[in-house]
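Here are some worked exercises to try with the model open beside you. Have a go at each task before reading its solution.

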Amino acid sequence: MRALFFGPPGSGKGTQAARLSARRTLPHVSSGDLLRAAARSGSAIGLRAKGFMDRGELVPDALVLELLFDRLAAADCGAGFLLDGFPRTEAQAGALEGRLGRGERAALDRALRFLLADEAVLERMSGRRSCKGCGTPFHVSFRPPKVEGRCDRCGGELLRRPDDAPEVVRERLAVHRRDEAGLVEFYRRRSVLREVEASGSVEEVAGRVELLLEGA
Ligand code: AMP
């Protein structure tokens with residue numbers, strides 16, 4: 001299955017993609033994670049990307065596409081993948097389609113749009129934390145770690161991402177609302193668009209996601 005998840009920040013795309021990736025043994029490819037790893041590594045791409053990320057702006061396509069296409073070229077993506085946070089614009093969607101080709105099979109099986117109101121996004125984001133070491137996401141109310149401030153997976157320290165600060169979240173949300181219509185149209189035209197109500201518990205949303213991906 002080749003699927004992608006898009007929607008506002010904090011709508012649970014990453015959490016659902018990670019869960020599904022484990023259940024279906026499909027690689028979870030998150031452009032945000034790739035960019036953060038590049039920034040941590042101190043690579044030229046990572047350092048250039050960091051300023052944009054810290055301000056909540058989109059990283060220029062040249063940088064994102066290079067990282068992402070490198071990742072999609074890895075052997076484990078040959079049988080499918082779950083994209084999370086990419087594409088974010090119609091131009092990126094076009095670039096992805098160009099990369100995947102439009103051969104016998106559709107370039108993508110599903111583009112799943114997560115629906116969540118702005119107020120809910122802001123509420124969720126205020127409690128979001130992630131592991132400094134491995135990036136696993138947590139939430140102080142909705143997905144607390146077993147030991148406060150520590151990652152369940154690797155024991156790393158849990159921090160608020162700099163771009164989860166309220167003023168940056170507002171900018172990220174504005175960027176998302178600006179660009180989402182182009183993506184919706186792009187994937188609607190290719191008949192792969194599905195929409196999932198993203199409010200409710202992780203398990204509730206996971207059930208809806210599974211139904212919408214059935215047959216993909
Ligand atoms: P995310 O983890 O998906 O919320 O992404 C965090 C930040 O990484 C975004 O606010 C952007 O600065 C950058 N980013 C992630 N994915 C993309 C993308 N597809 N295009 C441009 N910038 C991106």
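The exercises below go from the ligand site to a small sheet.

Before you start, note that this is a predicted model, in which local features need pLDDT of at least 70 and side-chain atom pairs count only at pLDDT 80 or more, while totals for chains, interfaces and linings use all residues. Residues are numbered from 1 along each chain as its sequence is written, and side-chain values use heavy atoms, with hydrogens and water left out.

**Exercise 1. Describe the shell around the ligand.**

Step 1. Find the residues around the ligand (a heavy atom within 4 Å of it). There are 16 residues, and Ser31, Glu57, Arg88, Gln92 and Arg172 come nearest.

Step 2. Sort the shell by class, counting Ala, Val, Leu, Ile, Met, Phe, Trp, Tyr, Cys and Pro as nonpolar, Asp, Glu, Lys and Arg as charged, and the others, Gly among them, as polar. You should get 6 nonpolar, 4 polar and 6 charged residues.

Step 3. Look for the element that gives the largest share, using DSSP runs numbered from the N terminus (helices: H or I, at least four residues; strands: E, at least two). Helix H2 (residues 31-41) supplies 4 residues.

**Exercise 2. Find polar atoms of the protein beside the ligand.**

Step 1. Start with side chains: a polar atom of arginine 36 lies 3.0 Å from a ligand oxygen, and one of arginine 88 lies 2.9 Å from a ligand nitrogen.

Step 2. Now check the backbone, where a polar atom of glycine 85 is 3.0 Å from a nitrogen atom of the ligand.

Step 3. Turn to burial, with accessible areas from the Shrake-Rupley method and a 1.4 Å probe. The ligand taken alone exposes 480 Å², and the protein buries 95% of that.

**Exercise 3. Which strands form the open sheet, and in what order?**

Step 1. Pair the strands, asking for at least two DSSP bridges between partners. Strand E5 (residues 128-131) and strand E6 (residues 137-139) are antiparallel over 3 bridges, and 2 bridges join E5 to strand E7 (residues 158-159), also antiparallel.

Step 2. Put the 3 strands in order: E6-E5-E7. E6 and E7 stand at the edges with a single partner strand each, so one side of each has no neighbour in the sheet.

Step 3. Follow serine 130 across the sheet: proline 137 stands opposite in E6, and leucine 159 is the bridge partner in E7.

Step 4. Finish at the hairpin of E5 and E6, which has 5 residues between the strands; there glycine 135 takes a positive phi near 85°.

Notes: Near = heavy atom within 4 Å. Polar contact = N/O pair within 3.5 Å; in protein donor to acceptor, adjacent residues only side chain to side chain.
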